[in-house]
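The following note was prepared for a colleague at the bench. Please read it with the sequence and the model at hand.

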Amino acid sequence: MKRLTFLLLGLAASCALAQNEAQLGRWDFLYAGLEGARPVRWRAFAIGQPPYSWPEPDERSLYNPGGHDIKGYYGINAVLLPFEWDVQPGERQPRGVLMCWGYGWDSNSLNYGSYLLWHPTFHTGRRSYGFWGYIPDPDPGAPIEDRLFNSNIYGSSQIALPDGRLLFPGGAFRAPSGGRDGLKGAQTWNVAEWNVAPDRGRMGPFEMAEQRRYAGALMLPNGKALIVGGTHDNYSPLTCDTDPNPFTRTYEIFDPATNSLQVFPLNVLPCDANNPTRYHFLDQRQHLGSAYPRVNVVSYIQNGQIQSRVAYGGPHFPVYLLDPDRPELGWQRHANLPDPSFQIARLFGNAVLLPRMEPGALNPQTPADQVLSRVIQIGGANGCDPYQGVKFATIHDLSTGVPTWHNAPPLSPGRKGLMSVILPTGQIMVLGGVKKDFDRRDCIPNWQASDLSLDAYLLSPDANGDWRTGQWRALAPMPSVDNDLSGEEGHGIPDGARFVHSSAVLLPDGRVWTGGGHMPGPIGGPAYVVNQYPTIYSPPYLFKSDGSPRSDEDRPTWKGAAEFDGVGYDKKIIAQIRVPEKLGELVSVALMSVSGGSHSSEFGQRLVRCGFSRQGDQVVIRTPYSPHIAPPGWYMMYLIVRAADGSFVPSTAAWVRLN
């Protein structure tokens, strides 16, 4: 009888755990069986030998054929790529390849960057470790001044251009002084040619006006790309009287059609006459010329017309707006506040363009139902203590073309170095970070390993779609296990933790990939803390109410080919779909931009809802009204069903390229 009781208790605990996944979601490691029971680590060299006869990009570089000198920590930057991957002749993987990279190699005489390619179907065996390669130095041994045009893309940002190429502006260069300078070159890469073209599909470098390390980059409605910010180096003082000043003084527009750059000046003024270390309050260098400006394309209706602006939303205050069609007019500063408590900086926080969640906007019938004019600023700090409670997040609303500020739902404890991911359902997932300061050694007490946040939350608006009165909901915490052995990098750090130099990316199947993590360690601890284990998060919408995983029978699905290449704006897409009757009604068709990020900056995230009508298994989808709402390029398109319990369930993604 006692044995039966224990068995029943065990079954009840297992059932409760499964049901929790329907409420909290689930975190998983990748397992390949090549390192015993340990999960896959994406580090500086490969494990085992590939059992394939076709050539794989080697983990050893041309410059040290006998050693493993390529740098790891893959996941400092990451981006989802919208190309079909010819892994080997006769084997093509569908769109949705993850590319990530970390520290490259930079010295006074040699510079190159390494990268890793992985596909969500690579969940077992040797392929779970991905495929390594490196971007060679275009001119090894060149004079020191030419080293500013090398190929170490660490410290760059990235944009998926409409023609399928990636744009990498800037990067890192080891200066003679020993610190890292920014690169002056931008390059493009058709990663689909990674294993067929002699140059692996790269073009450039194209000369920018300035060296840029940690530049911001954004796709514009006119098909061009904005490059703004980044610093010349990361070791000079940031005071106004520094000569040369580390902040950049220009912003640039890259035209993919001509591979050319157009340069525009920021507003640069003399230092404060009473304090020469202080910038004039109208000097834009300290904000727009700094590291990783948080920029988004916001849209709104003005005089009956669809308008858009590039909105700078952090990490510093105030908000700046740029007309993407007239960049020569410069950035307009907006700082009029009814409440001075909003006038704060959010260092190591992020800014996300909020999706529309009002009932009438789920199936937009007019441009006014579709424009995206609100940005939420989340987390970060301006001092020793990360913002928490009512200061944890702020919304600025640009629906009138001029920003107004509002409090977002409060959350404690605070954290910095966190990441935010828009899910297909329109909710915002926030994960990771550190609960105390980690980059100012004058702050006491300094952080410890226990201050790494393993928390994940989901932000939803209220029933009327108002984000200001929404709520945070706790999700499953990130894994706290430590699989590293004594003496290995990462030992003593939870393998699920994500902090500075981490990234998180939405996958086509609705899961979220996270990777990376590398930052200075706490006082009295190791010099650096490292996380080399990728993890996959499955949100609650991937589970049924009993906790079992949803199959295609329990999700809306696309029937037949689900790819629409070269579609114009305000056009019709006719698709065949299947929505299980027991599941619920189709309530939304969501376009999700392909994006990636680093350093608490998730570049270009955007969810645009499309109008649709459905008759049986056929759905007619209306593409976005204007590129001001959805800039051109590749998007993932999800069908969203409202289940009987009120929750949203997405399909896997179809692919759409807006032309």
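**Notes on a predicted model**

1. His119 touches Trp85, Gln93, Pro94, Arg95, Gly96 and Val97, leaving aside residues up to four places away in sequence. The structure under review is a predicted model, and the points below should be read accordingly.

2. The setting of His119 deserves a closer look. His119 lies in the loop between strand E7 (111-118) and strand E8 (131-135). A polar atom of the His119 side chain is 2.9 Å from the backbone oxygen of Pro94; Pro94 is also among the residues that His119 touches. Is His119 buried or exposed? The relative accessible area of His119 is 3%, so this residue counts as buried, the limit being under 20%.

3. How many disulfides does a search of the whole structure find? The search finds one. The disulfide joins Cys240 to Cys271, with an S to S distance of 2.1 Å. The link of Cys240 and Cys271 is left-handed, with -90° about the S-S bond. Distant parts of the chain are linked by this pair, 31 residues apart: Cys240 belongs to the loop between strand E15 (225-228) and strand E16 (250-255), and Cys271 to the loop between strand E17 (260-265) and helix H2 (285-288). In general terms, a disulfide is a covalent bond between the sulfur atoms of two cysteines.

4. The accessibility of the cysteines may interest a reader planning work with them. Within the disulfide, Cys240 is buried at 5% relative accessible area, whereas Cys271 is partly exposed at 29%. The value for Cys271 falls between the limits of 20% and 50%, and therefore this residue is classed as neither buried nor exposed. Two further cysteines are Cys100, buried with a relative accessible area of 0%, and Cys610, buried with 1%.

5. An open sheet of four strands should also be noted. Its order is E18-E19-E20-E21, and the pairing is antiparallel. Which strands form the edges? They are strand E18 (295-302) and strand E21 (332-334), each of which pairs on one side only. From one strand to the next, the twist averages 35°.

6. Within this sheet, strand E19 (residues 305-312) and strand E20 (residues 319-322) run antiparallel and are joined by three bridges. Val310 stands opposite Leu322 in E20. As background, strands of a sheet pair through backbone hydrogen bonds, either parallel or antiparallel.

Technical notes
Residues are numbered from 1 along each chain as its sequence is written. This is a predicted model: local features need pLDDT of at least 70, side-chain atom pairs count only at pLDDT 80 or more; totals for chains, interfaces and linings use all residues. Side-chain values use heavy atoms; hydrogens and water are left out. Two strands pair if DSSP finds at least two bridges between them. Helices (H or I, at least four residues) and strands (E, at least two) are DSSP runs, numbered from the N terminus. Axes are lines fitted to C-alpha atoms, for helices over the stretch in contact, and angles run from 0 to 180 degrees between N-to-C directions. A disulfide is a pair of cysteine sulfur atoms within 2.5 Å. Buried means under 20% relative accessible area, exposed over 50%, partly exposed in between (1.4 Å probe, protein chains only). A polar contact is a pair of N or O atoms within 3.5 Å; within protein, one must be able to donate a hydrogen and the other to accept it, and residues adjacent in sequence count only if both atoms are side-chain atoms. Contact means heavy atoms within 4.5 Å.
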